[in-house]
Amino acid sequence: MGQTPPPVIDPRVEALVNELIGRVADKWTMLILEALDEHGTLRFSQLAKAVTGISQKMLTQTLRQMERTGLVVRTIHPVIPPHVDYRLTPLGMSLGAAFCGVWLWAEEHLGAVEAARTAFDQRQNHC
């Protein structure tokens, strides 16, 4: 009886997972995903208001990365003055839905996490 070898993981898939975790773990990406999911298409200035505390530079950088990854679509409207808006792609919507599970987990386990943190902090203060 031999052990089953671990499944071969495509290094490209592993790299994408690592990249997405790093990108989505970024609070700004999550907040932008949430804002666009809640409000639909938003102009840059509307997004800046919806994502409290984000600088214009960070919003621009995060949106560019999200666009590059295929999470948002940027539309430039040829009007005077021109304006740009953003909306989630189906890929962005599916990523937002996947992270819905994190919210559900956090809601269910909030009390346990807070209790663990309090117990840890109390142990640290007695040393």
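In which helix is the place of W105? In this predicted model, the residue W105 has its place in helix α6, and that helix is a useful point from which to begin a walk through the structure. W105 has a relative accessible area of 49%, and because the class of exposed residues begins only over 50%, W105 counts as partly exposed. If you look from W105 towards L71, you compare two residues that are 34 residues apart along the chain, and their C-alpha atoms are separated by 23 Å.

Helix α6, which covers residues 100–125, also takes part in the largest pocket, where it supplies at least two residues of the lining. The helices α2 (27–39) and α5 (90–98) each supply at least two lining residues as well. The space in this largest pocket amounts to about 200 Å³. A probe the size of a water molecule, rolled over the atoms, shows where empty space is left. Among the residues that line the largest pocket you can find M30, L33, E34 and D37, and further along the sequence L88, G92, M93, F99 and W103. When the residues of this lining are sorted by their chemical class, eight are nonpolar, two are polar and two are charged.

One of these lining residues, M30, deserves a second look, and it lies in helix α2. Its relative accessibility is 21%, and since buried means under 20%, M30 counts as partly exposed. Between M30 and T75 there are 21 Å in space, taken from C-alpha to C-alpha, while in sequence the two are 45 residues apart.

From the pocket we can turn to the strands and the loop between them. R74 has its place in strand β2, and this residue is partly exposed, with a relative accessible area of 39%. R74 and E108 are 34 residues apart along the chain, and their C-alpha atoms are separated by 36 Å. Between β2 (72–77) and β3 (83–88) there is a loop, and P81 has its place in that loop. The peptide bond that joins I80 and P81 is a cis bond, with an omega of about -5 degrees.

Another loop, the one between α3 (44–50) and α4 (56–69), holds G53. With a relative accessible area of 65%, G53 is exposed, because it lies over the limit of 50%. The C-alpha atoms of G53 and W28 are separated by 9.5 Å, although these two are 25 residues apart along the chain.

The last stop is on the surface, where I9, V13, V17 and I21 form a nonpolar patch, and together these residues have about 360 Å² of accessible area. One member of the patch, I9, is found in the segment before α1, the helix that covers residues 11–24. Is I9 buried or exposed? Its relative accessibility is 54%, and because this value is over 50%, I9 counts as exposed.

How values were computed. Residues numbered from 1 in each chain as written. Predicted model: local features only at pLDDT ≥ 70, side-chain atom pairs only at ≥ 80, totals over all residues. Heavy atoms only, no water. 1 Å grid on protein atoms, 1.4 Å probe; cavity = no way out; pocket = protein on both sides within 12 Å on 5 of 7 lines; lining within 4 Å. Points joined across faces, edges and corners; volume = space filled by probe spheres on them. Helix = DSSP H or I, 4+ residues; strand = E, 2+ residues; numbered from the N terminus. Nonpolar A, V, L, I, M, F, W, Y, C, P; charged D, E, K, R; others polar. Patch = residues over 30% accessible without salt bridge, like charges linked within 9 Å, V, L, I, M, F, W, Y side chains within 5 Å. Areas by Shrake-Rupley, 256 points an atom, 1.4 Å probe, with all protein chains shown as cover. Salt bridge = Lys/Arg side-chain N within 4 Å of Asp/Glu carboxyl O. Buried < 20%, exposed > 50% of the residue type's maximum accessible area, 1.4 Å probe, protein only.
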